[in-house]
Amino acid sequence: MIRTQLLGIGSYVPDRVVKNDEIRHLNDRHVAQEAVLTETDDAWIQQRTGIKERRYVAEGTYTSDLALEASRRALADAGVAAEEIDCIIFATLSPDIHFPGSGVYLQRKLGIADKTQCPCFDIRQQCSGFVYGLQMADAFIKTGTYRRILLVGAEVHSHSLDYSTRGRDVMVLFGDGAGAVVLGPKESDDPRDGVVYTRAAADGTGAEYLYLKVFDISKAPYLQYDPKDREHNQMMYPHMDGKRVYVRAVREMNLATQKALADTGLTWADIDWFVPHQANLRINEQVAQLAQIPPEKCLNTIQFYGNTTAATVPLTIDHWRQAGKVKKGDLVLSTVFGSGFTWGAAIFRV
Ligand code: ACO
């Protein structure tokens with residue numbers, strides 16, 4: 001039977017490293033001021049989240065630019081030419097512009113727009129984007145719809161954060177980055193080959209607990225603020241009920257992990273690595289404890305990159321692959337949770 005195989009993986013983060021000590025001095029152009037502009041500190045951030053630093057793009061960078069670099073690396077890793085890609089799935093909550101979606105910009109930047117005219121799907125499941133995208137890609141490949149799918153998660157968060165004490169609970173969490181995988185079909189009857197399992201879920205009653213409005217389409221005009229007036233424009237920035245998100249994330253990521261094992265009959269003896277979404281190290285440690293995951297199998301990168309939303313899973317796998325830990329053919333269990341609420345889990349061979 002046809003199974004879906006990961007052919008290659010790649011990631012990209014911008015060069016600029018922003019440490020916790022620097023972030024409190026940044027203005028909204030990301031220029032460090034002598035004065036403290038946000039009342040926060042390294043000890044609070046590390047203790048509550050595990051984050052030490054994150055990466056920021058230079059002004060003028062689009063989300064599709066980060067996606068392009070990650071995609072080039074994934075294509076090179078797969079030994080697949082960009083011209084062979086017959087479908088792009090782009091997961092992001094920070095698209096280049098409102099419409100069209102970022103997938104078509106990535107297609108154009110890859111130089112394949114007029115050559116392949118491949119379809120470009122943009123998906124909007126925030127931190128759960130990678131697992132949702134993997135489920136879509138798996139279905140497309142198993143049904144023979146496409147043969148070479150580029151699945152990318154990419155985010156530029158640093159331009160939409162509130163650099164003041166008012167926004168500190170969210171601002172310190174996020175970083176910029178991208179991760180990509182190339183997927184294709186493989187003839188195999190081994191149920192543990194390639195993409196073994198995907199499950200996606202959502203609960204829309206949680207939508208108000210983590211959101212970024214920017215605009216309200218029910219209003220005319222649909223922009224209800226003066227973008228130059230920081231004090232009165234709440235709509236430009238993300239809003240989060242951190243505690244509620246935290247508690248639900250621990251619950252759903254634990255249950256999704258346990259269900260993935262129950263549904264497949266696999267145990268931690270079969271799985272090489274647990275790669276959870278990277279929102280908060282404490283969330284991941286609690287999930288690992290509840291789901292009885294061997295600590296040496298848990299991979300995190302939030303310390304270095306913060307929360308890069310749709311990019312965290314491929315970015316974390318690639319980071320630890322480059323560090324020599326993750327090897328080709330290893331079996332990964334990944335679980336995600338994000339705004340929506342959305343969540344899910346996947347088991348796949350890298
Ligand atoms: N620096 C210093 N103090 C801060 C900061 C900061 N950056 N942020 C908040 N505080 C203060 C608060 O104002 C509060 O002060 P008070 O007690 O005087 O009112 C105090 O610290 C404690 O705040 P809490 O909200 O209770 O802190 P908590 O331990 O809950 O940690 C956090 C906050 C880190 C945001 C946590 O709730 C969390 O990680 N939530 C989940 C985030 C998440 O998973 N997001 C989902 C993914 S994102 C996506 O899908 C797009």
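The expected span of a helix is 1.5 Å times one less than its number of residues, and helices (H or I, at least four residues) and strands (E, at least two) are DSSP runs, numbered from the N terminus. The exercises below concern a predicted model, in which local features need pLDDT of at least 70 and side-chain atom pairs count only at pLDDT 80 or more, while totals for chains, interfaces and linings use all residues. Residues are numbered from 1 along each chain as its sequence is written, and side-chain values use heavy atoms, with hydrogens and water left out.

**Exercise 1. Compare the span of helix H6 with its expected span, and decide how far H6 is enclosed.**

Step one: helix H6 covers residues 129-142, and its 14 residues should span 20 Å at 1.5 Å a residue; the C-alpha atoms at its ends are 20 Å apart, which agrees.

Step two: a residue is called buried under 20% relative accessible area, exposed over 50%, and partly exposed in between (1.4 Å probe, protein chains only). In H6, 10 of the 14 residues are buried, so the helix is largely enclosed by the rest of the structure. Among these buried residues are Phe 130, Tyr 132, Asp 138 and Ile 141.

Step three: after the helix comes Gly 144, whose phi is positive, near 75°.

**Exercise 2. Describe the cover of helix H11 and the residue just after it.**

Step one: helix H11 spans residues 312-322 and is mostly covered, since nine of its 11 residues are buried. The buried residues include Pro 314, Asp 318, His 319 and Trp 320.

Step two: just after H11, Gly 324 takes a positive phi of about 90°.

**Exercise 3. Find which residues other than glycine have a positive phi, and which peptide bonds are cis, in the loops discussed here.**

Step one: most residues other than glycine have a negative phi, and most peptide bonds are trans.

Step two: Gln 117 has a positive phi of about 50° although it is not a glycine. Gln 117 sits in the loop between helix H5 (113-116) and strand S5 (120-123), and at 65% relative accessibility it counts as exposed.

Step three: Gln 292 also has a positive phi, near 50°. The place of Gln 292 is the loop between helix H9 (281-290) and helix H10 (302-305), and its relative accessible area of 66% makes it exposed.

Step four: the peptide bond from Ala 220 to Pro 221 is cis, with omega near -5°, and Pro 221 belongs to the loop between strand S9 (210-211) and strand S10 (239-240). The bond from Gly 340 to Phe 341 is cis too, with omega near -10°, and Phe 341 is found in the loop between strand S12 (331-338) and strand S13 (342-349).

**Exercise 4. Classify two of the aromatic pairs and state how accessible their members are.**

Step one: rings of Phe, Tyr and Trp (its six-membered ring) pair if their centres lie within 6.5 Å; planes under 30 degrees apart count as stacked, over 60 as edge-to-face and the rest as tilted. A search of the whole structure finds 10 aromatic pairs.

Step two: the ring centres of Phe 215 and Tyr 222 are 5.3 Å apart and their planes stand at 85°, so this pair is edge-to-face. Phe 215, at 26% relative accessibility, counts as partly exposed, and Tyr 222, at 39%, counts as partly exposed as well.

Step three: for Trp 268 and Phe 274 the centres are 5.9 Å apart and the planes are at 85°, so this pair is edge-to-face. Here Trp 268 counts as buried at 9% relative accessibility, and Phe 274 counts as buried at 1%.

Step four: ring pairs also link Tyr 209, Phe 337, Phe 341 and Trp 343 into a cluster.

**Exercise 5. Work out the surroundings of Asn 20 and Ser 164.**

Step one: contact means heavy atoms within 4.5 Å. Asn 20 lies in helix H1 (residues 20-23) and counts as buried at 1% relative accessibility. Not counting residues up to four places away in sequence, Asn 20 touches Asp 42, Ile 45, Gln 46, Ile 51, Lys 52, Glu 53 and Arg 54.

Step two: Ser 164 lies in the loop between strand S6 (149-155) and helix H7 (168-171), and is buried with a relative accessible area of 18%. Leaving aside neighbours within four places in sequence, Ser 164 is in contact with Leu 37, Thr 38, Met 171 and Arg 230.
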